[in-house]
Amino acid sequence: MTQLPKVVITDFIDEPLEIERRVLDGHAEILALNALSEDELIGQIEDADAIMVYHYFRFTRASIERLEKCKIIVRPGVGYDGVDIEAARERGIPVCNVPDYGTEEVADSALAMALSLTRGSHFLSSRLRRSIGDWNVDQGTPIHRLRGRIFGIIGCGRIGTAAALRAKAFGFDVVFYDPYLPDGVEKALGVRRVDSPEALLAEAFIVSLHCPLTDETRGLISAGEIEQMPVGSFLINTSRGGVVDTAAVVEAMAAGHLGGAGIDVLEQEPPPEDSPVITAWRNPEHPAHDRLILNPHSAFYCEEGAEEFRTKGAQEVLRGLRDEPLRNQVS
Ligand code: NAD
């Protein structure tokens, strides 16, 4: 009897693997390692024919060089900054993602945080739960009408576009900065476009980040950029932690410059307990306590989307194992 190819799921997804087996049964054996660090992969992945890697750790050159016969690496998510694609390219292993399973959910999450902050609901709920202030709107003011206020989007790809359409429906004046899109996207969407991040930062009431983490976008928003934003404005990051210096966000709140921030992604996840962001957010004396919404990289999640990324990830693995054309090869 010929041995079936071996598919290793490194992290995040564990038994029962009913979704992956629906696609791969009869074609491959699946092993879920449920690893929390890359070291735990040693001795487990060398003979894998396909790898599915989620986001608990970086899948570095060290792991990729250990793969003896791997035909495909699938990252069943959008961002693939956690995979050393250069090392994979050198070994001739294609890397694929699943780009579309959470487009709506991340946009929904960005708008949810933006609305909760700008409407004062997060601030008032956080304060009144601690019995601070009167049972009225006073301590939450000023709260401004959203219609006509500027919603700035950095990176107007799939999620940025979905966020733009949502923000438009709420009456925002939507503006985006994205140097890699051809002319005309702004006309198709019926929004404005600016040619520099500075132009966007200077006028935006809300800045929402939807670009990938690359060498160019790492640290795109730090103290200097936040200073360029209007006093009382809001920052939303559902892209990648590395795009924003989140400690600078917290400092800008303490200085009274930022009105609030919604942060789904951090430079390190989970964050160290003593990180300045966590310390400020937990401290009832710090403005971030009431003005920062912090989520555990959950913007993508919904039950239907989880089924979608697991199914589509396994389908791409199957195409790779069968030498069929790949649908979402990123490298
Ligand atoms: P996408 O590739 O469709 O869009 C990204 C856009 O960013 C592109 O239009 C690109 O031109 C633009 N861009 C690249 N470099 C830029 C720069 N320097 N300045 C401005 N724009 C730039 O990707 P997407 O599906 O919209 O996803 C965007 C990002 O969201 C992903 O890369 C991922 O990191 C993040 N994401 C987060 C979650 C979450 O749960 N928080 C889930 C999915 C995706």
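Start at the junction between the domains of this predicted model: seven residues of domain 1 are in contact with five residues of domain 2. To see the two parts, color 6-101 together with 303-321 as domain 1, and 103-294 as domain 2. Domain 1 is thus given as two segments of the protein chain, while domain 2 is given as one. Place a centroid on the C-alpha atoms of each domain; the two centres lie 32 Å apart.

Next, select the ligand, which sits in the largest pocket. Expand the selection to residues within 4 Å of the ligand; 27 residues surround it, and the closest are Arg158, Ile159, Asp178, Glu216 and Asp264. Color this shell by class: 15 residues are nonpolar, seven are polar and five are charged.

Now show the polar contacts one at a time. At Arg158, keep the backbone visible: one of its N or O atoms lies 2.9 Å from an oxygen atom of the ligand. At Arg240, turn to the side chain, where an N or O atom is 3.3 Å from a ligand oxygen atom. At Asp264, a polar side-chain atom lies 2.9 Å from a nitrogen atom of the ligand.

Finish with a surface on the ligand. How much of the ligand does the protein bury? Taken alone, the ligand exposes 860 Å², and the protein buries 89% of that.

Conventions:
Residues are numbered from 1 along each chain as its sequence is written. This is a predicted model: local features need pLDDT of at least 70, side-chain atom pairs count only at pLDDT 80 or more; totals for chains, interfaces and linings use all residues. Side-chain values use heavy atoms; hydrogens and water are left out. A polar contact is a pair of N or O atoms within 3.5 Å; within protein, one must be able to donate a hydrogen and the other to accept it, and residues adjacent in sequence count only if both atoms are side-chain atoms. Accessible areas come from the Shrake-Rupley method with a 1.4 Å probe; for residues, only the protein chains shown count as cover. On a 1 Å grid over the protein atoms alone, a cavity is a set of points where a 1.4 Å probe fits but cannot get out, and a pocket is an open set with protein on both sides within 12 Å along at least five of seven lines; lining residues have an atom within 4 Å of a point. A molecule sits in a cavity or pocket if more than half of its atoms lie within 2 Å of its grid points. Ala, Val, Leu, Ile, Met, Phe, Trp, Tyr, Cys and Pro count as nonpolar, Asp, Glu, Lys and Arg as charged, and the others, Gly among them, as polar. Domain bounds come from an automatic or database domain assignment. Contact means heavy atoms within 4.5 Å.
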